[in-house]
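Trainee: I would like to go through this model one question at a time. Please give the cut-offs as the terms come up.

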Amino acid sequence: MRGPALVLLALGLATPALAADDASSCAEGITMIRDALANNPPEAALPKLKKALRNAEREQREGEYDECLDAVADARKALGQ
């Protein structure tokens, strides 16, 4: 019985650190999208980048960093990265 409890405790302690990493990655991703938009991206990528930025910023405000990172991944895909 102690084994599963210890695993759950360890996961609970690691969660804040993971959330901080996701928050930082989200902020970096938003900066990357803004930079890409400032550098005149290909016409086909422009609407996808704008949508990804809008979604990432919304999810960052809501604290949904995993969904923010999904939007950043969409932007990277639009840029061919």
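**Helices, core and disulfide**

Mentor: In α3, the buried residues are C68, A71, V72 and A75; buried means under 20% relative accessible area, exposed over 50%, and partly exposed in between (1.4 Å probe, protein chains only). They sit on the same side of α3, because they cover an arc of only 100° around the axis, the arc being that of the directions from the helix axis to the C-beta atoms. An α-helix has 3.6 residues a turn, so residues three or four places apart point the same way.

Trainee: What are the conventions behind these values?

Mentor: This is a predicted model, in which local features need pLDDT of at least 70 and side-chain atom pairs count only at pLDDT 80 or more, while totals for chains, interfaces and linings use all residues. Residues are numbered from 1 along each chain as its sequence is written, and side-chain values use heavy atoms, with hydrogens and water left out.

Trainee: In what order do the elements of the protein chain run from the N terminus on?

Mentor: Helices (H or I, at least four residues) and strands (E, at least two) are DSSP runs, numbered from the N terminus. The protein chain has three helices and zero strands. The order is therefore written with helix symbols alone: α-α-α.

Trainee: How far apart are the end C-alpha atoms of helix α3?

Mentor: The expected span of a helix is 1.5 Å times one less than its number of residues. Helix α3 covers residues 65-79, which is 15 residues, so it should span 21 Å. The model agrees with this, as the end C-alpha atoms are 21 Å apart.

Trainee: How far does α2 reach from its first C-alpha to its last?

Mentor: Helix α2 takes in residues 46-62. It has 17 residues, and 24 Å is expected at 1.5 Å a residue. The reach in the model is close to that, at 24 Å.

Trainee: Which residues of α2 are buried?

Mentor: E59 is found in helix α2 and counts as buried because its relative accessibility is 7%. Leaving aside neighbours within four places in sequence, E59 is in contact (heavy atoms within 4.5 Å) with E64, E67 and C68. The full set of buried residues in α2 is L49, A52, L53, N55, A56 and E59.

Trainee: Which element gives the largest share of the largest nonpolar core?

Mentor: A nonpolar core is a set of buried Ala, Val, Leu, Ile, Met, Phe, Trp, Tyr and Cys residues joined through side-chain atoms within 4.5 Å. The largest one has 14 residues, and those with the most contacts inside it are I30, I33, A56, C68, V72 and A75. Two or more residues come from each of α1 (2-38), α2 and α3. The largest share, five residues, comes from α1.

Trainee: Which residues does V72 contact, leaving aside its neighbours within four places in sequence?

Mentor: V72 lies in helix α3 and is buried, because its relative accessible area is 4%. V72 and M32 are 40 residues apart in sequence, yet 8.4 Å apart in space, C-alpha to C-alpha. The contacts of V72 are C26, G29, I30, M32, I33 and A56.

Trainee: Which residues does A56 touch, not counting those up to four places away in sequence?

Mentor: A56 is one of the buried residues of α2. It is also among the residues with the most contacts inside the largest nonpolar core. A56 touches C26, I30, C68, A71 and V72.

Trainee: Which residues does the disulfide join?

Mentor: The structure holds one disulfide, defined as a pair of cysteine sulfur atoms within 2.5 Å. The pair links distant parts of the chain, helix α1 and helix α3, 42 residues apart. The link is right-handed, with 85° about the S-S bond. With S to S at 2.0 Å, the residues joined are C26 and C68.

Trainee: Is N40 buried or exposed?

Mentor: N40 is found in the loop between α1 and α2. It has a positive phi of about 50° although it is not a glycine. Most residues other than glycine have a negative phi. With a relative accessible area of 67%, N40 is exposed.
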